[in-house]
Amino acid sequence: MDEIKNMGAAALGQIHCLTIIGQIEGHQTLPEDTKSTKYEHVLPLLAAIEETPEIKGLLILLNTVGGDVEAGLAIAEVIAGMRKPTVSLVLGGGHSIGVPLAVAAKRSLIAPSAAMTIHPVRVNGVVIGVPQTYAYFARIQERILGFVTAHSRITRSDYLRLMNKTDELANDVGSVIHGKDAVRLGLIDDLGTLSDALDWLHGEISGQ
């Protein structure tokens, strides 16, 4: 207990923890029994964190299963634009839009047992097969691809290869990338746990 008291103000009480779990809910409201993160709640919270002097760093815990791509990308863009130290930790899984959310932080970690799913942008249900529809999804996909490659060390060719694999996911296109492989490919900075994420944040705070 005395050791905790002696850690000082820089070590305690200055980190905000944000959890982004389930589906990212955007302009369409999800059913009440669906675990979701509402982006209209997260965006003003991120702005408040950035403008609150007492908060020195942000820890983002991620366990996502997809959701509204535009909403998820909006959250990622705000995180990437923050001046304060930010670290993301992928727990369990990061599905689809969870990838740009993970790499948006200044430091990204993934738990050794976690995995990330990479696949092309799509929607559930019937889509009218007109050229404008395909062009729209292609533009969204290019924005995600550009964001991920700009905020991580993965190459464009590797990301496209993983996204378009046809022999790994049943009845789907894409890849499941486990922790060590995500680091090896440069998608995530390092393997880590909660203590590793907090240690990095404390180091950044004390160095300011």
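Which backbone oxygen lies 2.7 Å from a polar atom of the side chain of Lys84? That's where I'd like to start today. It belongs to Ile55. Before I go on, a reminder that what we're looking at is a predicted model.

So, Lys84. You'll find this residue in the loop between helix H3, residues 69-80, and strand S4, residues 86-95. Lys84 is buried, and yet it has no salt bridge. The nearest side chain of opposite charge is Glu50, and that one sits 5.4 Å away. With a cut-off of 4 Å for a salt bridge, that pair doesn't make it, because the nitrogen and the carboxyl oxygen have to be within that distance.

Glu50 does turn up again, though, this time through its backbone. Its backbone oxygen lies 3.4 Å from a polar atom of the Lys84 side chain. Put that next to the backbone oxygen of Ile55, at 2.7 Å, and you have two backbone oxygens to look at around this lysine. As for the rest of the surroundings, leaving aside neighbours within four places in sequence, Lys84 is in contact with Ile49, Glu50, Glu51, Thr52, Pro53, Ile55, Lys56 and Lys106.

Next, a residue from helix H3: Ile79. Buried or exposed, this one? Buried, with a relative accessible area of 0%. Again setting aside neighbours within four places in sequence, Ile79 is in contact with Leu46, Ile60, Ala104 and Ala105. And if you want a distance to check on screen, go from Ile79 to Ala102: the two are 23 residues apart in sequence, and 9.7 Å apart in space, C-alpha to C-alpha.

Okay, empty space. How many cavities of 30 Å³ or more does the structure hold? One. About 90 Å³ of space lies in it. The lining is made up of Val69, Ser96, Ile97, Val99, Pro100, Thr117, Ile118, His119, Val121, Gln141, Ile144 and Tyr159. In terms of elements, those giving two or more residues to that lining are helix H4 (98-103), strand S6 (115-118) and helix H5 (131-150).

Helix H5 takes me to the salt bridges. The count comes to five, and I'll walk through some of them.

Take Arg156 and Glu142, whose side chains meet in a salt bridge at 3.0 Å, N to O. This pair links distant parts of the chain, with Arg156 in helix H6 (residues 156-163) and Glu142 in helix H5, 14 residues apart. Arg156 is partly exposed, at 42% relative accessible area, and Glu142 is partly exposed too, at 38%.

Staying in helix H6, Asp158 and Arg161 meet in a salt bridge at 3.4 Å, N to O. Both lie in that helix, three residues apart, about one turn. Asp158 has 22% relative accessibility, so it counts as partly exposed. Arg161, at 44%, is also partly exposed.

And then there's helix H7, residues 179-184, which holds both Arg184 and Asp181, three residues apart, again about one turn of the helix. Those two form a salt bridge, with the closest N and O atoms 3.5 Å apart. Which way do they fall, buried or exposed? Arg184 counts as exposed, because its relative accessibility is 60%, whereas Asp181 is partly exposed at 33%.

So, back to Lys84 for a second: buried, no salt bridge, and a backbone oxygen of Ile55 at 2.7 Å from its side chain. That's what I had, thanks.

Definitions and conventions: Residues numbered from 1 in each chain as written. Predicted model: local features only at pLDDT ≥ 70, side-chain atom pairs only at ≥ 80, totals over all residues. Heavy atoms only, no water. Helix = DSSP H or I, 4+ residues; strand = E, 2+ residues; numbered from the N terminus. Buried < 20%, exposed > 50% of the residue type's maximum accessible area, 1.4 Å probe, protein only. Lys, Arg positive; Asp, Glu negative; His and termini not counted. Polar contact = N/O pair within 3.5 Å; in protein donor to acceptor, adjacent residues only side chain to side chain. Contact = heavy atoms within 4.5 Å. 1 Å grid on protein atoms, 1.4 Å probe; cavity = no way out; pocket = protein on both sides within 12 Å on 5 of 7 lines; lining within 4 Å. Points joined across faces, edges and corners; volume = space filled by probe spheres on them.
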